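Take a walk through this structure, from the whole chain down to single residues.

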Amino acid sequence: MTRKKALITGVTGQDGSYLAELLLEKDYEVHGIKRRASSFNTERVDHIYQDPHADDHQFILHYGDLTDTSNITRIIQQVQPDEIYNLGAQSHVAVSFEEPEYTADVDALGTLRVLEAVRLLGLEKKTRIYQASTSELYGLVQETPQTETTPFYPRSPYGVAKLYAYWITVNYREAYGMYCCNGILFNHESPRRGETFVSRKITRGLCNVSQGLEPCLYMGNLDARRDWGHARDYVEMQWLMLQQDDAKDFVIATGKQASVRDFIVGSAKRLGVQIQFEGQGLDEKGLVASIDQNVADEGISVQPGDTIVAIDEKYYRPAEVETLLGDPSKAMKELGWKPSTTLDEMIDEMVAHDLEAARKHRLLVDSGYQVNTPGE
Ligand code: NDP
Ligand code: GDR
């Protein structure tokens with residue numbers, strides 16, 4: 001039997017790496033698009049790298065960029081994929097305020113380029129397309145919890161670009177009968193999450209602080225609330241959405257919410273650090289940590305009374321999405337969706353991962369092999 005072929009844009013990102021693993025387990029031939037960079041950028045997929053000279057290799061990387069129509073079209077023509085997962089994006093909401101045009105080019109027009117290439121190549125009956133839509137479409141929420149029918153009100157250049165991508169996907173489905181669908185995914189994290197998204201910034205930052213590698217973690221709006229799940233669970237739904245009889249859009253979320261502040265407290269607790277808050281929001285002077293004696297004995301280098309988290313206004317956004325909470329009932333009913341990882345379990349996994357990295361870094365610094373580099 002011939003293997004199914006999948007093409008993943010954004011394969012070097014958090015979701016791309018988990019999805020590539022999943023599809024290889026399912027015996028797909030997996031093609032991924034990676035960007036040319038001046039340094040290596042394939043760290044998240046290095047463990048599944050296969051020697052292109054070996055017979056029967058199933059994981060193949062192509063240089064490409066969603067801003068380059070001819071490149072995207074050529075790769076799709078060459079691969080003739082059964083499934084395309086369009087995960088590639090300038091995915092950072094705060095950065096989208098600084099690079100709005102680029103974000104629109106990649107996130108909005110990039111999606112159009114993929115859809116149009118499939119259509120122009122005559123693959124519209126063969127190739128199924130998953131579009132990485134987002135809860136950021138809801139922005140200034142019009143209804144809680146958010147479902148597939150909740151009106152959209154994006155609050156960032158990223159959200160607006162993804163709104164175009166959402167509708168152009170619906171449009172190609174309706175206009176050309178293509179199998180293309182939107183996964184409206186709420187925030188999902190993991191130890192592979194980019195270091196500047198809030199979850200990873202917190203776990204990595206607090207671990208660094210605990211090892212004396214950074215004095216303090218600087219944060220923005222602590223009151224934002226999100227519906228956080230684990231990326232490994234979410235990529236399975238991306239695959240499942242392309243295995244249905246008809247293409248449909250689905251919300252994927254946990255149905256539970258926590259604040260950035262809760263995430264900090266939960267992460268700190270795993271390091272044996274109890275956080276006490278002084279004041280709220282921008283008036284906040286900093287948060288005072290008091291240390292659990294047992295853990296302090298194990299080499300945590302902060303002391304009771306130290307300020308280990310503080311507010312820096314630069315991390316506030318020009319327009320904020322204050323609260324998101326998904327209702328995944330449709331996916332539960334039709335896809336059998338059930339998140340398998342709780343927020344606490346995910347925080348445990350992320351802190352364990354980042355603590356090990358921080359300890360190694362500390363060891364290298366102490367042995368004179370590495371100079372200390374401050375975090376983001
Ligand atoms: P990441 O930021 O981890 O990965 C983004 C990927 O897109 C990377 O591989 C990146 O390459 C690639 N990329 C960026 N710009 C371009 C470009 N111009 N051309 C081609 N590829 C590009 O994101 P996630 O894995 O977290 O998210 C995957 C997708 O899902 C994104 O579209 C995101 O917007 C969306 N999404 C994510 C959610 C989440 O909570 N994680 C929730 C809802 C939607 P490089 O590695 O070189 O930077
Ligand atoms: P988000 O994720 O904007 O929801 O987009 P992010 O983790 O960046 O922010 C979540 C919330 O935390 C607040 N926050 C901070 N955020 C960052 N990055 N850094 C800080 O220091 C900080 N302090 C407070 C933010 O203001 C925000 O309210 C993510 C991305 O993965 C998108 O691609 C995806 O579409 C959505 O999730 C769903």
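Helices and strands here are DSSP runs: a helix needs at least four residues, a strand at least two, and both are numbered from the N terminus. Counted this way, the protein chain has eleven helices and 15 strands. Its radius of gyration is 21 Å, close to the 21 Å that the globule rule gives for 376 residues, so the chain is as compact as a globular protein of that length. The model is a predicted one.

Start with the overall frame. Along the principal axes, the C-alpha atoms of the protein chain fill a box of roughly 65 × 50 × 40 Å. Of the 376 residues, 44% count as buried. Now consider contacts with a separation of 6 or more. In the protein chain, 74% of them join residues 24 or more positions apart.

Next come the domains. The domain assignment gives two of them. Domain 1 covers 5–185. Domain 2 is written in pieces: 198–225 + 259–320 + 342–366. How far apart do the C-alpha centres of domain 1 and domain 2 lie? They lie 32 Å apart. Contact between the domains involves five residues of domain 1 and four residues of domain 2. The side of domain 1 that touches domain 2 has three nonpolar residues, one polar and one charged.

Now turn to the ligands. Around ligand 1 there are 26 residues. The closest are Gly10, Gly13, Gly88, Ala89 and Ala132. Two elements give two or more residues to this shell: α1 (14–25) and β5 (128–134). The largest share, three residues, comes from α1. By class, the shell around ligand 1 has 15 polar residues, eight nonpolar and three charged.

Ligand 2 has a shell of 23 residues. Val93, Thr134, Val198, Gly220 and Ala224 are the closest. The elements that give two or more residues here are α3 (93–98) and α6 (198–210). Helix α6 gives the most, with three residues. This shell divides into ten nonpolar, eight polar and five charged residues. Where does ligand 2 lie relative to domain 1 and domain 2? Both domains give residues to its shell, so ligand 2 lies between them.

Go back to helix α1, which gave residues to the shell around ligand 1. Ala20 lies in this helix. Is Ala20 buried or exposed? A residue counts as buried when 20 or more other C-beta atoms lie within 10 Å of its own. Ala20 has 25 such neighbours, so it is buried. Leave aside residues up to four places away in sequence, and Ala20 touches Ile8, Val11, Val30, Gly32, Val45, Ile48 and Phe59. His92 is another matter. It stands 72 residues from Ala20 along the chain, and their C-alpha atoms are separated by 22 Å.

Strand β5 also gave residues to the shell around ligand 1, and it has a strand partner. Six bridges join β5 to β6, and the two run parallel. Ala132 has Gly183 of β6 as its bridge partner. Ala132 is also among the residues closest to ligand 1. Strand β6 covers residues 180–185, and six of its six residues are buried. Which way do they point? Cys180, Asn182 and Ile184 point one way, while Cys181, Gly183 and Leu185 point the other way. Both sets are buried.

Finally, look at the backbone in the loops. Most residues other than glycine have a negative phi, and most peptide bonds are trans. Three places depart from that pattern.

The first is Asp27. Its phi is positive, about 65°, although it is not a glycine. Asp27 lies in the loop between α1 and β2 (29–34). Asp27 has 11 C-beta neighbours inside 10 Å, so it counts as exposed.

Gln80 comes next. It too is not a glycine, and its phi is positive, about 50°. Its place is the loop between α2 (69–79) and β4 (83–86). With 13 other C-beta atoms within 10 Å, Gln80 is partly exposed.

The last is a peptide bond. From Thr144 to Pro145 the bond is cis, with omega near -5°. Pro145 is found in the loop between β5 and α5 (157–176).

Methods
Residues numbered from 1 in each chain as written. Chains lettered and ligands numbered in written order. Predicted model: local features only at pLDDT ≥ 70, side-chain atom pairs only at ≥ 80, totals over all residues. Domains from an automatic or database assignment. Contact = placed C-beta atoms within 7 Å. Nonpolar A, V, L, I, M, F, W, Y, C, P; charged D, E, K, R; others polar. Near = placed C-beta within 6 Å. Rg over C-alpha atoms; globule rule 2.2 N^0.38 Å. Buried ≥ 20, exposed ≤ 12 C-beta atoms within 10 Å, placed from the backbone. Pairing = 2+ DSSP bridges.
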